[in-house]
Structures are given as structure tokens and as C-alpha cells.
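Student: Could we go through this structure together? I should like to start with its pockets and then turn to the side-chain contacts.

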Amino acid sequence: MARFHRVAIYSSILISIYLLVLFDVLPIPLIDASIAQEILPVIPWWLLVSFGSYSLWSLGWGVFTFRDCPEAYQELLQEINEAKNDLRSRAVTVD
């Protein structure tokens with residue numbers, strides 16, 4: 001089973017349970033119904049904000065721990081020069 005299928009199955013199960021609880025088809029034990037009706041509509045927004053915060057943190061951490069690669073830099077410059085020379089041989093103005 002592919003990762004996408006697993007994620008689709010788990011998320012559809014969780015969404016189904018959430019909707020059943022939200023529309024009072026499935027009761028929540030040990031929680032008062034009025035408190036549940038105040039909290040449940042906010043859960044999707046809370047999840048969205050949490051995911052956005054995690055994404056920004058992950059991106060920032062990746063930028064912070066990014067390693068310099070001098071070999072890759074030189075290789076990239078060489079490829080750029082090769083591409084420019086190829087374009088110049090085809091009578092395209094570069095620079």
C-alpha cells in the first residue's frame with residue numbers, strides 16, 4: 001500500500017469520526033456536551049495553525065542548518081558557463 005493510500009485512509013477515518021462527533025451522532029464520554037460544542041468547531045483551525053507553525057519552523061531550521069558546499073558551487077558555475085557558451089554558439093546574446 002502506497003504512502004498516499006495510507007494517509008488517505010487514515011485521514012478519511014479521522015474526518016469521519018470528527019464529523020460524527022461534531023453532529024452529535026457519536027457521543028464523547030467524560031466531556032460535557034456544551035463544552036464539546038464549543039471546542040469541536042475550532043479544532044480544524046487549530047490543526048491548520050499548528051501545521052503552518054510546524055512548516056515555518058521546519059523551513060527555518062533547514063535554512064539555519066544549511067551547509068555550504070563549495071564543490072557544488074564550483075560545479076554549478078561550470079555548468080552555467082557551459083550553458084552560456086552553448087547559447088553563444090547558437091548566436092544567442094548572453095549577459
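Tutor: The discussion below concerns a predicted model, and it begins with the pocket.

Student: What volume does the largest pocket have?

Tutor: The volume of the largest pocket is about 300 Å³.

Student: And which residues line the largest pocket?

Tutor: Its lining consists of Ile17, Tyr18, Val21, Leu40, Ile43, Pro44, Leu47 and Phe51. Helix H1 (3–22) and helix H3 (43–64) are the elements that give two or more residues to this lining. The largest share comes from H3, with four residues.

Student: How many polar or charged residues are in the lining of the largest pocket?

Tutor: The lining has no polar and no charged residues; eight are nonpolar.

Student: Turning to rings, how many aromatic pairs does the structure hold?

Tutor: There are three aromatic pairs. In one of them, Trp57 and Trp61 are stacked, at 6.1 Å centre to centre and with 10° between the planes. Ring pairs link these two residues with Tyr54 and Phe64 into a cluster.

Student: Where do Trp57 and Trp61 lie?

Tutor: Both belong to helix H3, where they are four residues apart, about one turn of the helix.

Student: Is Trp57 buried or exposed?

Tutor: Trp57 is exposed, because its relative accessible area of 54% is over the 50% cut-off. Trp61, at 46% relative accessibility, counts as partly exposed.

Student: A change of topic: how many salt bridges does the count come to?

Tutor: The count comes to one salt bridge. It joins the side chains of Asp86 and Arg90, at 3.3 Å from N to O.

Student: Why does Asp86 count as partly exposed?

Tutor: Its relative accessibility is 35%, and partly exposed covers values between 20% and 50%, so Asp86 falls in that class. Its partner Arg90 is exposed, with a relative accessible area of 59%.

Student: What about helix H4; how far apart are its end C-alpha atoms?

Tutor: They are 29 Å apart. At 1.5 Å a residue, the 20 residues of H4 (residues 70–89) should span 28 Å, so the two values agree. Just after H4, Ala91 takes a positive phi of about 65°.

Student: And what is the reach of H1?

Tutor: H1 has 20 residues and reaches 28 Å from its first C-alpha to its last, close to the expected 28 Å. Asp24, which follows H1, has a positive phi near 60°.

Conventions
Residues are numbered from 1 along each chain as its sequence is written. This is a predicted model: local features need pLDDT of at least 70, side-chain atom pairs count only at pLDDT 80 or more; totals for chains, interfaces and linings use all residues. Side-chain values use heavy atoms; hydrogens and water are left out. The expected span of a helix is 1.5 Å times one less than its number of residues. On a 1 Å grid over the protein atoms alone, a cavity is a set of points where a 1.4 Å probe fits but cannot get out, and a pocket is an open set with protein on both sides within 12 Å along at least five of seven lines; lining residues have an atom within 4 Å of a point. Grid points are joined across faces, edges and corners, and a volume is the space filled by probe spheres set on the points. Ala, Val, Leu, Ile, Met, Phe, Trp, Tyr, Cys and Pro count as nonpolar, Asp, Glu, Lys and Arg as charged, and the others, Gly among them, as polar. Rings of Phe, Tyr and Trp (its six-membered ring) pair if their centres lie within 6.5 Å; planes under 30 degrees apart count as stacked, over 60 as edge-to-face and the rest as tilted. Buried means under 20% relative accessible area, exposed over 50%, partly exposed in between (1.4 Å probe, protein chains only). A salt bridge is a side-chain nitrogen of Lys or Arg within 4 Å of a carboxyl oxygen of Asp or Glu.
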